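Visitor: Got a minute to walk me through this one? I'd like the short version.
Guide: Sure, pull it up and ask away.

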Amino acid sequence: MSSDQDLVVQTVREILAGHEPAQLTPDRRWDAALWTDLADAGLTGVGLPEEAGGSGGELADAVAVVATLAAGAGAVPVAEQLLVAGPAVLAAGLDLPPVDQPLSVAVDGAVRFADGRVTGTTTAVAWAGVVHHLAVVAAGPDGDVLALVDVSGLGSTDAANLAGEPRGSYVLEGLPAQVGPLPADLRARYALARAVQLSAAAETVLAWTVQYAGERVQFGRPLAKFQGIQMQLAQMAGEVTAVSALVDAAVQRLERGEPLELAAAAAKVRAGAAVDVVARLAHQVHGAIGFTQEHRLHHLTKRMWSWRDEAGNETTWARVLGAAVAGADPWPVLTGLV
Amino acid sequence: MPSTLTLAPAPPSAAAEQVRLEVREFLAKELAAGSFETHVDTWLSGVDPAFSRKLGEQGWLGMTWPARYGGHERTAMERYAVTEELLAAGAPVAAHWIADRQSGPNLLRYGTEAQRREILPRIAAGECFFVIGMSEPDSGSDLASIRTRAVRNGDGDWVVNGAKVWTSNAHHSHYAITLVRTAPVDTANRHAGMTQLLVDLSLPGITINPIRILDGGHHFNEVVFEDVVVPGDMQLGEEGAGWHQVTAELAFERSGPERFLSTFPLVAEFARRASSPAELATLGRLSARLLSLRQLSLRIAAALDRGELPDIPAALVKDVGTTFEADVVEAIREVVDVPASLDSPDPLGRALAEAQLHQPGYTLRGGTNEILRGIVARGLGLR
């Protein structure tokens, strides 16, 4: 990590320190105050070019912001804005909405575009009801397009993921839209964004679990001194390290502008596959207190259980990856991927 | 993550990608010419001295060593690419594997000039093979409990008595780097008093007894030492520094792609026919795990190029990697209905059989996964 990213991480951590994660509910869908602080610091435009209204900086800076917020369970649409919707809007040649107004992406559902308007239902929208703008995949007369719509006045359903993050639906009834060509790597970017979040969350869960095992005393010794616990923590560390290495490699591929889909697929599959081991062992080591809302652990484990399903789960992306690897000579395919 | 466990990403290496393609082309020609058949776990079972010599002629052994010792002064990243290609193809690399991977580097670090000049060029030529003399009948994971002893005689030579086990391919090898106790056990410091000796396996008093593994293959041996006189100038490194040297050797032993690619020929056979959604999903999941291990293993190669000896990350990668290569069998079985049999008319059935019968070894050899997790736990600051 460069010194630029260290500074970004430090700034985000300082802001996060003033915003304890809270249980999200339909009445408190997100952390609006955290968003305002981030926006005031220019962090909701990191990695998006200044000439388009962003804050500038590299993709790696944006990834650092997203990872740090994920590790802190920040309830804000920053991953969607910085890594998925923002770059997609620009790639489609559309005008980036002001970066202090939250922007998300909608890839699921059935939406049509015709005559400057979008119509249909879009489902499982991250931060539905919170965001001002939405980049929507829509079927146009000549194939799929990316449509940018203002949803600030539009109601959405209250559906949420396991952590309470809004994942509702919008019914779009002839909403005016700007459209551009659908960026080919949109879904891959979305998957990679979730993988970045999963990696950061898993790393933090490991750190919390190591810390807890060092503090909690039973039978006259800290849990960390029991060999059985050490084996579990080492297994978690193996998963976390493997995920992080592959996610880093996929991000670097994106930085270099190389084809992303299969690297992102691999990162999302690997990150998703680690969730069960990491979350399960973390809860096992934390014992009953980790099973309550009084302890911080659930903020991350519930997000991990959800993020692995979102933007395509392991099965979906494994089929994509498997289809590319299948054939007479899989090895050159694999060595060319990341 | 504690910095003891993580390593920086490996920088891209054009030289490594170039040599990768050269090895790939070489292997395609050798396969077409029938010089070898693909098998699972060939770095244990694929002994073919002629093939090893060919690799030596290509300059693919002793790659990172100085030219004055017959090496080729290439990077660890280049060596990584070569070893990965050989393993993925299931090529017969067992004869030279230990010598090239760890014995040579051990000699480079701790050997005398005479030892290096005598032995390293022969390893690099694919003509001199080594076995690991660490485990004993009563000393497995608890390596410090070894009882093979060496005492000095009046001529300054070492007289060795004891036995080493799991010495892979000792019956095809020339030397064993043998860890022996040269001072009585100090209960306050069990790791003191051990020394490594460079033992010529043709010396009088050495008996090599086969130990067959599950598929009947003869790779393992028991090597018995009865009053074997090892010349004093064949001591490797310092007297009493054996434990320290073994730790360094294990960092090489644990760091490479053979810790996740032993069963790759099975994955490749499966990939050739994977077509249903369930098969493709399984192939994709296995591929994602493999790709994450490649990234970790590449980072270790890059760390070796920086002159580091990343023993804790290597333990972590070996734990995760060998778990993966062992899981491959079950993952594939879940989606195909092909009985595992060494006599199967179906190459997938044969690959499943080979991988299954070798499976218990993956998570044992080179340090059990329990030992490795203990090392990782130390890296996490738990012990």
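Visitor: How far apart are the end C-alpha atoms of residues 193-306 of chain A?
Guide: They lie 13 Å apart. The span is 77% helix and 4% strand. Helices (H or I, at least four residues) and strands (E, at least two) are DSSP runs, numbered from the N terminus.

Visitor: What can I trust here?
Guide: This is a predicted model: local features need pLDDT of at least 70, side-chain atom pairs count only at pLDDT 80 or more, and totals for chains, interfaces and linings use all residues. Residues are numbered from 1 along each chain as its sequence is written, while chains are lettered from A and ligands numbered from 1 in the order in which they are written.

Visitor: What does UniProt call residues 193-306 of chain A?
Guide: An unreviewed entry lists "domain: Acyl-CoA dehydrogenase/oxidase C-terminal" there. UniProt positions follow the numbering used here, feature names are shortened, and annotations may be inferred rather than shown by experiment.

Visitor: And residues 3-91 of chain A?
Guide: UniProt gives "domain: Acyl-CoA dehydrogenase/oxidase N-terminal", again from an unreviewed entry. That stretch is 57% helix and 0% strand, with its end C-alpha atoms 28 Å apart.

Visitor: How many helices and strands in chain A overall?
Guide: Ten helices and nine strands. The radius of gyration is 20 Å, close to the 20 Å from the globule rule for 338 residues, so chain A is as compact as a globular protein of that length. The radius is taken over C-alpha atoms, and the rule is 2.2 Å times the number of residues to the power 0.38.

Visitor: Switching to the interface. How many residues does each chain put into the contact?
Guide: Chain A gives 41 residues and chain B gives 37 residues. Contact means C-beta atoms, placed from the backbone, within 7 Å.

Visitor: Which helix of chain A supplies the largest share?
Guide: α6(A), with 16 residues.

Visitor: What's the class split on that side of chain A?
Guide: 28 nonpolar, eight polar and five charged residues. Ala, Val, Leu, Ile, Met, Phe, Trp, Tyr, Cys and Pro count as nonpolar, Asp, Glu, Lys and Arg as charged, and the others, Gly among them, as polar.

Visitor: How is chain B divided?
Guide: Into domain 1 (14-129), domain 2 (132-240) and domain 3 (247-379). The bounds come from an automatic or database domain assignment. The centres of domain 1 and domain 2 of chain B, over C-alpha atoms, are 25 Å apart.

Note on methods: Two residues are in contact if their C-beta atoms, placed from the backbone, lie within 7 Å.
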